[in-house]
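User: I'm new to reading models like this one. Could you take me through a close look at one part, and then show me how the rest fits around that?

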Amino acid sequence: MNKNMNTLPRMGGLALAVAACAVLSGCATSANPQDPFEKFNRASFAFNDTVDRTVLKPVATGYKNVTPGFVQTGVGNFFGNLSDAWSAVNNLLQGKGEAGMTDVTRVALNSTFGILGLLDIASDAGLQKHNEDFGQTLGHWGVPSGPFVMLPLFGPSTVRDTAALPADRWGDPWKRKDPHNWRNIGSGIRVVDQRASLLDASNLLEEAALDRYEFLRDGFLQRRQSQVYDGNVPRTLGEDADDAPTTNTQVVPEPVSPQPAAPAPAAGTPGKTQQ
Amino acid sequence: MKPIAHLIATVASVAFATSVIAAPAATNEAPDVLVKRISADVIDTVKSDKDIQAGNRNKIMDLVNSKILPYVDADKMTAQAAGRFWRQATPEQQKRLSEEFRTLLVYTYSGALSTIKNETVEFKPMRASPTDTDVEVRSQVNVSRGEPITLNYRLAKGDGGWKIYDINVLGAWLVETYKGTFTAEINKSGIDGLITRLADRNKQLASKPLNTPKK
């Protein structure tokens, strides 16, 4: 999934594909205003699902059953600590000084007393973890999310978050880890560990959803919006009133532009990588 | 051995008795107090019950039915998820849709409950005035690793006291998340089509064991 070596060119191609899709707008078959690329997205979802069922989920299930709990916690903490650094930058970019400084302190504490991040002593000390990424920073400054995009391998995203992904990858300290072998092995472990932490959730999704694609899409868009607002989405934005005639307005309030938001350099998504 | 077995039996029966007494609690209980009480009650039950942790579906369903459902307004949830189609439905359709949707939520919730291990729930101060009839109670579930999970509830005050009509998990409201699916399904095959779809899923879930992944 996450192998850093050759993802960038691949993502470039992907952005092209998405852009082409938008330009031709032949994909605009969906009734859902948030999802003009539904046809592409569903194909991509089916692909991801196959990869997940055949490879990722079995490996992650094995990892979860076999690896001792403290090892899993350590792995999760280690990569969590790396992502805290980028979260700090994004909090500061959003002008959230206090949260940003919390993240800085977290990294400082966990990297030293927490043995290179293996222990999350900062959380125990009451310093809450934030997962800020560049897509949220753009959203904070008013960049609309644009339509939903399901990226092959990278999972659910939006046009905005896809455009923000190269920055997120740049801000990932593990990308600079030196021997390539270590970097690739580590990236592999990170993906498996993240998938393992989502096993319960994905099993629930299978039960709860009538249509997993729609459920994932509608849940994901709300979640991203909530992340941009740090959990305080103004109620008028998030929803339509109780008995108001429900037009088909979807969750996200931003204007739905038929073409993806202006800059779409390279692609990829937070989705699985970030959460 | 014997005294211990005795003790367990006593504790169990006392616990049962108090829960029976506590269940039909005062209807003028404040909404956040209500949610806190249900939440603590349910979590304690799950943590102290090995059968539930092992995924005993019947026991979990009993728990959901007895401790949670009395405080849930399934009609309101369904009405909102169905949006404008709710008013187009006949009373009979409304009833069936609401029942099937509620059953699906019970199954889903049961699945979630069986995964509770050592999480703790932390409630945030409620911002509401005493005259409000529609409030949001916010909490977060602190998990052993990673960011806390948002868990918020919307409650409305009716004749029977406060009732939950929407839940927010990880930033997504349940009703809103189902709305897209409901709309798509109704557009495709009508309200009856949606009811059938839900009923099929429920049948499927009823025959499926809980807890597919081993812990």
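Analyst: Let's start with residues 17-25 of chain B, where pLDDT (the predictor's confidence in each residue, from 0 to 100) stays under 50. For that stretch the model has zero contacts beyond four places in sequence, a contact being two residues whose C-beta atoms, placed from the backbone, lie within 7 Å. Where pLDDT is low, the predicted coordinates should not be read in detail. As for chain B overall, the average pLDDT is 83, and 83% of the residues score at least 70.

Some ground rules before we go on. This is a predicted model, so local features need pLDDT of at least 70 and side-chain atom pairs count only at pLDDT 80 or more, while totals for chains, interfaces and linings use all residues. Residues are numbered from 1 along each chain as its sequence is written, and chains are lettered from A and ligands numbered from 1 in the order in which they are written. The model scores ipTM 0.75 and pTM 0.75.

Staying in chain B, look at helices α2 (residues 31-48) and α4 (residues 57-68), whose axes come within 11 Å and cross at roughly 160 degrees. Helices (H or I, at least four residues) and strands (E, at least two) are DSSP runs, numbered from the N terminus. Axes are lines fitted to C-alpha atoms, for helices over the stretch in contact, and angles run from 0 to 180 degrees between N-to-C directions. That makes α2(B) and α4(B) roughly antiparallel, the word for angles over 145 degrees (under 35 is roughly parallel, 65 to 115 roughly perpendicular, and the rest oblique). B:I38, B:D41, B:V42 and B:T45 of α2(B) make the contact with B:L63, B:K67 and B:I68 of α4(B). Those residues divide into four nonpolar, one polar and two charged. Here Ala, Val, Leu, Ile, Met, Phe, Trp, Tyr, Cys and Pro count as nonpolar, Asp, Glu, Lys and Arg as charged, and the others, Gly among them, as polar.

Now, where does chain B meet chain A? The contact takes 30 residues from chain B and 35 residues from chain A. On the chain B side, α7 (91-113), β5 (172-173) and α8 (174-206) each supply at least two residues. α8(B) gives the most, with ten residues. By class, this side of chain B has eight nonpolar, 14 polar and eight charged residues.

Over in chain A, the axes of α3 (residues 69-93) and α4 (residues 97-112) come within 8 Å and cross at roughly 160 degrees. So α3(A) and α4(A) are roughly antiparallel to each other too. Their contact has six nonpolar, seven polar and three charged residues.

Last, try three leucines in chain A. A:L138 lies in helix α6 (residues 134-140), and counts as buried because there are 23 C-beta neighbours inside 10 Å. The cut-offs: buried is 20 or more other C-beta atoms within 10 Å of a residue's own, exposed is 12 or fewer, and partly exposed is in between, with C-beta atoms placed from the backbone. Leaving out residues up to four places away in sequence, A:L138 touches A:V143, A:R160 and A:A164. A:L153, in the loop between β1 (148-151) and β2 (155-158), is buried with 22 other C-beta atoms within 10 Å, and has a positive phi of about 70 degrees although it is not a glycine. A:L116 has a positive phi as well, near 55 degrees, but is partly exposed, with 13 other C-beta atoms within 10 Å.
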